[in-house]
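Student: I'd like a close look at one part of this model: whatever enclosed space it has. Start there, then work outward to what surrounds it and what pins the fold together.

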Amino acid sequence: MSTSISSRALPVLVAGGGIGGVAAALALARQGFAVKVLEQAPQLGEIGAGIQLGPNAFAAFDALGIGELARGRAVYTDEMVMHDALDERLVGRIPTGEAFRARFGNPYAVIHRADIHTSLLEGARTHGQIETLTGTRIEAVQQEGDTVTVRDQHGQVHVGQALIGADGVKSVVRQQYVGDAARVSGHVVYRAVVEKNDFPEDLRWNAASIWVGPNYHLVHYPLRGGEQYNVVVTFHSREQEEWGVREGSRQEVQSYYRDCCPRARQLIDLPKSWKRWATADREPIGQWSFGRATLLGDAAHPTLQYIAQGACMALEDAVTLGQALKRCGNDWPQALRLYERSRIARTARVVLSAREMGRIFHASGVERLVRNDLWKGRTPQRFYDAMEWLYGWKAETCLSED
Ligand SMILES: Cc1cc2nc3c(=O)[nH]c(=O)nc-3n(C[C@H](O)[C@H](O)[C@H](O)COP(=O)(O)OP(=O)(O)OC[C@H]3O[C@@H](n4cnc5c(N)ncnc54)[C@H](O)[C@@H]3O)c2cc1C
């Protein structure tokens, strides 16, 4: 054990109280640590939007002891379905019912983000060892011996035995230790949640549904027992984009979907208000841990959303961190090396696969014809085989044996 008696009495600091940060806090508390979560927002919470969860997320929930809480709040879809947004042609359909569950040991689901966050917080509350400080933005990190000190915007310092940088896509912790630039995609995402009564009856499918068109796509799925629907539309912007969020404009969205078939176009006429995200990712990096500080979730591997795995990866990260500490007898330097060794290739594959999937979604011309032929006649079994690397993740085998 390289942790001295004095530093062992200190909490582990977690920067950021998003899905990744709260999951990490829970994993650390389960491993016997006192944890202090520092969140810049005035309160802990999540944006009002849905999220898709692969079976790997449920494996992570179980490992964090909140499997039943999360399962109770999810909507279980029957299939994932893709249509061509120009001519309504069916491009691919993957059943996610019984056979899918049997294959991966867990379901495919859609859920409101706040419901994941609440489940994680409820799990965290059963461990009295997690303190959360809101309105606390960390601005600088310093390490000395086996302690880590962070300074917040009020000039206050917080001392811990380690720091988990779960501070999202614009991570201060990553900026300090890595300092790499973001890759702004030029893709813009608009998101909204729509009440069932306002959602078109002919699109009320119990499915994670996507309409793919030239330089754009549209996604919709049910939330909260089908009482609401999540709508997400994405397009390649004509403007020079900067990574960030702002209020959107209905006219802007509509200007990008002029050739979209009427059925899918209904989606962009629905929301009363939209939020607009200009997205980015970063090149995968080969080191996340620096002394007693490490990165987790979007801070470690920000990704485009095209394979719906960013939050799933953050949950897996949290479980893996806890398992690495367990395996290494809570020796931080050794555990952090094992953690990053176990995670880097897998999360990089997600980042790179998401970029490629974006290209497939947004294909035009002959590339579009290739895309529409890609999955013709493919059996569910063959789809499941192709997804095994992603959805087959298990907590019991999450640590690298290299
Ligand atoms: C359009 C879209 C759709 C998506 N769909 C899916 C999906 O279907 N499935 C899926 O798995 N993933 C999806 N994702 C990805 C997912 O949203 C993220 O990967 C996930 O939320 C990352 O969680 P996180 O905790 O790492 O980061 P965040 O959620 O960004 O949390 C970071 C937290 O840190 C706080 N913070 C930031 N800086 C500081 C600081 N200096 N000090 C203190 N606190 C700080 C922030 O306020 C925030 O609360 C999608 C993303 C987008 C954009």
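Tutor: Let's settle the key word before we look inside. A cavity here is a set of grid points where a 1.4 Å probe fits but cannot get out, and a residue counts as lining if it has an atom within 4 Å of a point. Keep in mind that this is a predicted model.

By that rule there's one cavity of 30 Å³ or more, and the space in the largest cavity comes to about 60 Å³. Its lining takes 13 residues, and those nearest the centre are Pro-284, Ile-285, Ala-300, His-301 and Val-351. Sorted by class, the lining of this cavity has eight nonpolar residues, along with two polar and three charged ones. Helix H11 is the element that gives the most to the lining, with four residues.

H11 is worth following outward, and a salt bridge is a good way to do it. Arg-343 and Asp-317 meet through their side chains, with N to O at 2.6 Å. Arg-343 sits in H11 (residues 332-361) and Asp-317 in helix H10 (residues 310-327), so this pair ties together parts that are 26 residues apart in sequence. Are the two partners buried or exposed? Buried means under 20% relative accessible area, so Arg-343 at 1% makes the cut, and Asp-317 does too because its value is 0%.

While we're on salt bridges, there's also a network: Asp-84, Asp-87, Arg-89, Arg-368 and Arg-371 are joined into one by bridges that share partners.

Another buried pair turns up elsewhere. Arg-276 forms a salt bridge with Glu-241, and their closest N and O atoms are 3.0 Å apart. Here the link runs from strand E18 (residues 275-281), home of Arg-276, to the loop between strands E16 (228-236) and E17 (244-247), where Glu-241 lies, so parts 35 residues apart in sequence get tied together. Both Arg-276 and Glu-241 are buried.

Now compare a bridge with a much longer reach along the chain. Glu-88 pairs with Arg-263, the closest N and O atoms being 3.6 Å apart. Glu-88 belongs to the loop between strand E5 (79-84) and strand E6 (90-95), while Arg-263 is in helix H9 (residues 262-269), so the contact ties together parts that are 175 residues apart in sequence. Both of these partners are partly exposed, Glu-88 with a relative accessible area of 31% and Arg-263 at 25%. Over the whole structure, the search finds 29 salt bridges.

Charge isn't the whole story of sequence-distant neighbours, though. Take Leu-64, in the loop between helix H3 (55-63) and helix H4 (67-71). Its relative accessibility is 3%, so Leu-64 counts as buried. The C-alpha atoms of Leu-64 and Leu-315 are separated by 9.0 Å, although the two residues are 251 apart along the chain.

Last stop, the outside. Val-366, Leu-369, Val-370 and Leu-374 make up a nonpolar surface patch with about 370 Å² of accessible area together. Val-370 is in helix H12 (residues 365-374); at 48% relative accessibility, Val-370 counts as partly exposed, because exposed is reserved for values over 50%.

Definitions and conventions:
Residues numbered from 1 in each chain as written. Predicted model: local features only at pLDDT ≥ 70, side-chain atom pairs only at ≥ 80, totals over all residues. Heavy atoms only, no water. Patch = residues over 30% accessible without salt bridge, like charges linked within 9 Å, V, L, I, M, F, W, Y side chains within 5 Å. Areas by Shrake-Rupley, 256 points an atom, 1.4 Å probe, with all protein chains shown as cover. Salt bridge = Lys/Arg side-chain N within 4 Å of Asp/Glu carboxyl O. Helix = DSSP H or I, 4+ residues; strand = E, 2+ residues; numbered from the N terminus. Buried < 20%, exposed > 50% of the residue type's maximum accessible area, 1.4 Å probe, protein only. 1 Å grid on protein atoms, 1.4 Å probe; cavity = no way out; pocket = protein on both sides within 12 Å on 5 of 7 lines; lining within 4 Å. Points joined across faces, edges and corners; volume = space filled by probe spheres on them. Nonpolar A, V, L, I, M, F, W, Y, C, P; charged D, E, K, R; others polar.
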